[in-house]
Amino acid sequence: KAINISGKPVVQLSKDVFLFSYYCQGMNLTDLAHLRWSQIVQDRLFYVRAKTGKEFNLKLLEPASQILEYYRPFTGSKPDNYVFPILNAERHITPIQIDNRIHKMNSLINTHLKSMGRTVGIETPLTTYVARHSYATVLKTSGIPIAVISEALGHESEAITQTYLKSFEN
C-alpha cells in the first residue's frame with residue numbers, strides 16, 4: 001500500500017485494482033472492470049458476480065471510497081460510466097472485445113503488481129488473485145467460519161471454498 005508510484009498512471013491503476021479488490025471482499029478483475037458509477041450508492045457497492053450470478057451489497061470501507069474518488073475525475077460520474085479506466089464503452093462493445101480487453105489488462109496489471117512486489121521485498125508474485133486469496137486467508141486465520149467466507153467470496157458451495165482455501169494454505 002505504501003509504495004510510491006506517482007506519475008505512473010497505469011502502475012497506479014494496478015495498485016488500486018489490487019487494493020480495491022482486497023477492500024471489497026476479494027472482488028475479481030472482471031467484476032471490477034464492469035463496475036459502473038450507478039452501482040455505488042452512498043457508502044455501498046452493489047454488483048452481481050459475473051462468474052456465479054450472486055448478488056453483492058457491500059459497505060465500502062474508507063480506503064475503497066478514497067480509491068473511487070481518485071478515479072471519479074478520470075472516468076466521469078455519469079451513472080453508466082465505468083468506474084475504473086479498464087473498459088471503454090465506445091471501444092469495447094462486443095463480449096469478445098470486452099473479454100480481450102480484460103485479459104490484456106489483467107496481464108498488464110499483474111506485470112506491474114509483480115514488479116511492485118519485488119520492489120518492496122514480497123516473495124510471492126503479486127497478481128489480482130493474490131488480493132482475493134489474501135482476503136480469504138485473513139478471514140480464515142481470524143477464525144471466520146467457512147460458510148461466511150464462502151458467502152463473502154460468492155462461491156456456489158462451501159466445498160469450493162474449502163478447496164480454494166486449501167490450495168494456498170501454506
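This report walks through some helices, their contacts and a few loop residues of a predicted model.

## Before you start

Residues are counted from 1 along each chain in the order its sequence is written. Since the model is predicted, local features need pLDDT of at least 70 and side-chain atom pairs count only at pLDDT 80 or more, while totals for chains, interfaces and linings use all residues, and side-chain values rest on heavy atoms, with hydrogens and water left out.

Helices (H or I, at least four residues) and strands (E, at least two) are DSSP runs, numbered from the N terminus.

## Helix α5

A good place to begin is helix α5, which covers residues 128–141. What should its 14 residues span at 1.5 Å a residue? The expected span is 20 Å, and the end C-alpha atoms are 21 Å apart, which agrees. That expected span is 1.5 Å times one less than the number of residues.

The buried residues of α5 are Thr128, Val130, Ala131, Arg132, Tyr135, Ala136 and Leu139. Here, buried means under 20% relative accessible area, exposed means over 50%, and partly exposed lies in between (1.4 Å probe, protein chains only). Just after the helix, Gly143 takes a positive phi of about 85°.

## α5 meets α6

Two packed helices are described by the angle between their axes and the distance between the axes. Axes are lines fitted to C-alpha atoms, for helices over the stretch in contact, and angles run from 0 to 180 degrees between N-to-C directions. Angles under 35 degrees count as roughly parallel, over 145 as roughly antiparallel, 65 to 115 as roughly perpendicular and the rest as oblique.

With helix α6 (residues 146–153), α5 packs at an angle of about 155°, and the two axes are 10 Å apart. The pair is therefore roughly antiparallel. Their crossing is right-handed; a crossing gets that name if the near helix is turned clockwise from the far one by less than a right angle, and left-handed if anticlockwise. On the α5 side, the contact (heavy atoms within 4.5 Å) is made by Arg132, Tyr135, Ala136, Leu139 and Lys140, and on the α6 side by Ile149, Ala152 and Leu153. By class, that gives six nonpolar, no polar and two charged residues. Ala, Val, Leu, Ile, Met, Phe, Trp, Tyr, Cys and Pro count as nonpolar, Asp, Glu, Lys and Arg as charged, and the others, Gly among them, as polar.

Pro145 sits in the loop between α5 and α6. With a relative accessible area of 47%, Pro145 is partly exposed. From Ser115, Pro145 is 30 residues away in sequence and 34 Å away in space, C-alpha to C-alpha.

## α1 and its two partners

Helix α1 (residues 9–23) also packs against α5: their axes come within 8 Å and cross at roughly 30°. The two helices are therefore roughly parallel to each other, and their crossing is right-handed. From α1, the contact draws on Val17, Phe18, Ser21 and Tyr22, while α5 supplies Thr128, Val130, Ala131, Arg132, Ser134, Tyr135 and Val138. These residues divide into seven nonpolar, three polar and one charged.

A second partner of α1 is helix α3 (residues 62–75), packed at an angle of about 145° with the axes 9 Å apart. This time the crossing is left-handed. Gln12, Leu13, Asp16, Leu19, Phe20 and Tyr23 of α1 make the contact with Pro63, Ala64, Ile67, Leu68, Tyr70 and Tyr71 of α3. Here the division is 10 nonpolar, one polar and one charged.

## Residues to look up

Most residues other than glycine have a negative phi, and most peptide bonds are trans. Which way does the phi of Gln25 go, positive or negative? Gln25 is not a glycine, yet its phi is positive, at about 60°. Gln25 lies in the loop between α1 and α2 (29–34) and is partly exposed at 22% relative accessibility. Gln42, in the loop between β1 and β2, has a positive phi of about 55° and is exposed, with a relative accessible area of 77%.

Asp43 is found in the loop between β1 (40–41) and β2 (44–48). At 33% relative accessibility, Asp43 counts as partly exposed. Leaving aside neighbours within four places in sequence, Asp43 is in contact with Leu58, Lys59 and Leu60. Finally, Asn110 in helix α4 (residues 95–119) is buried at 12% relative accessibility. Not counting residues up to four places away in sequence, Asn110 touches Leu126, Thr127 and Thr128.
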